[in-house]
Amino acid sequence: MLSRVLVAVVGIPLIVAVLLFCPPVCLPIVLCVLNVLIVYELLWATGALKQKRLVVYAGILAALVPFWHYFDGNIVVFVIAVFLFLTLVALDAVTSAEDVTFEQLCMSFFAGLVAPMMLSTLVLIADEEHSKFLVLLPFVSAFISDAFALFAGMLFGKHKLAPKLSPKKTIEGSLGGFVGSVLGCFVYGLIVELAFGGEADYFVLLLYGLLASLLAQIGDLFFSYIKREYGIKDYGKLLPGHGGVLDRFDSVIFCAPFTFIMVHYLTFFQF
């Protein structure tokens, strides 16, 4: 537990610094690194890491995704990148039919494109008006939801939520996650108003907190499903007390695109 807290104490200020105070290009650079780590962790978890060419193809694609978002996401460039990736993967499959399984090919596609595309929507959020306040929302909701779910489960947990996927998760913990996310978004709105002179729409914030917590928990369970499918406990040991990058950012992968969708249709803050 101590190592988990220490990682949070160091990691959260770093995230805030990258999102609020560093030049805009720093965000896609950081996401590039995270995406490559996600590729490594997913392909290691699923046993596809030994297929080195698949790892290279998926890693390159994942590294380029946040920069595609950053440079306005030209659809022709996207089609070319995916076409080249699929062609290379197909060639690898037909020339190594006895070594590469279709399951490994599918996981390389998910690891190299789907998960990085979802996480990298943070770059699109950062391009919105007053983005420095909006881009923090997925982290506020996901991280606080995770923290409240953990402590509520430890204190009050009695009824298992999904014992086959994550034996320690409880219904009480899940409810604590909802409470934490809603409360965190409310407090975040107060901070934006009092410290930065904005006007928060608390109905939108509370609705967002509720739905984002649901998605954060779905993301957590989904990546737990993958872990249980392949018989591993964590995706890695990079973050002491948390596991790998995916063990920490699984919920953000689901919250980030949801936030991007919501900021297009609803107004969180006015200045």
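User: Why is C106 called partly exposed rather than buried or exposed?

Analyst: In this predicted model, C106 has a relative accessible area of 36%; since buried means under 20% and exposed means over 50%, a residue in between counts as partly exposed, and therefore C106 is placed in that class.

User: What makes C22 count as partly exposed?

Analyst: The relative accessibility of C22 is 33%, and because the partly exposed class lies between the limits of 20% and 50%, C22 belongs to it.

User: How do you know that the sulfur of C22 is too far from that of C26 for a bond?

Analyst: The closest cysteine sulfur to that of C22 is the one in C26, at 4.5 Å, whereas a disulfide requires a pair of cysteine sulfur atoms within 2.5 Å, so the pair does not qualify. For the structure as a whole, the count of disulfides is 0.

User: Why does the radius of gyration of the chain agree with that of a compact globule?

Analyst: For 271 residues a compact globule would have a radius of gyration near 18 Å, and the chain has 19 Å, which is why the two are said to agree. Along the principal axes, the C-alpha atoms fill a box of roughly 60 × 45 × 30 Å.

User: What share of the residues counts as buried, and which cut-off decides this?

Analyst: Of the 271 residues, 47% count as buried, the criterion being a relative accessible area under 20%. The chain exposes about 13,900 Å², of which carbon and sulfur atoms supply 73%.

Terms used. Residues numbered from 1 in each chain as written. Predicted model: local features only at pLDDT ≥ 70, side-chain atom pairs only at ≥ 80, totals over all residues. Heavy atoms only, no water. Rg over C-alpha atoms; globule rule 2.2 N^0.38 Å. Buried < 20%, exposed > 50% of the residue type's maximum accessible area, 1.4 Å probe, protein only. Areas by Shrake-Rupley, 256 points an atom, 1.4 Å probe, with all protein chains shown as cover.
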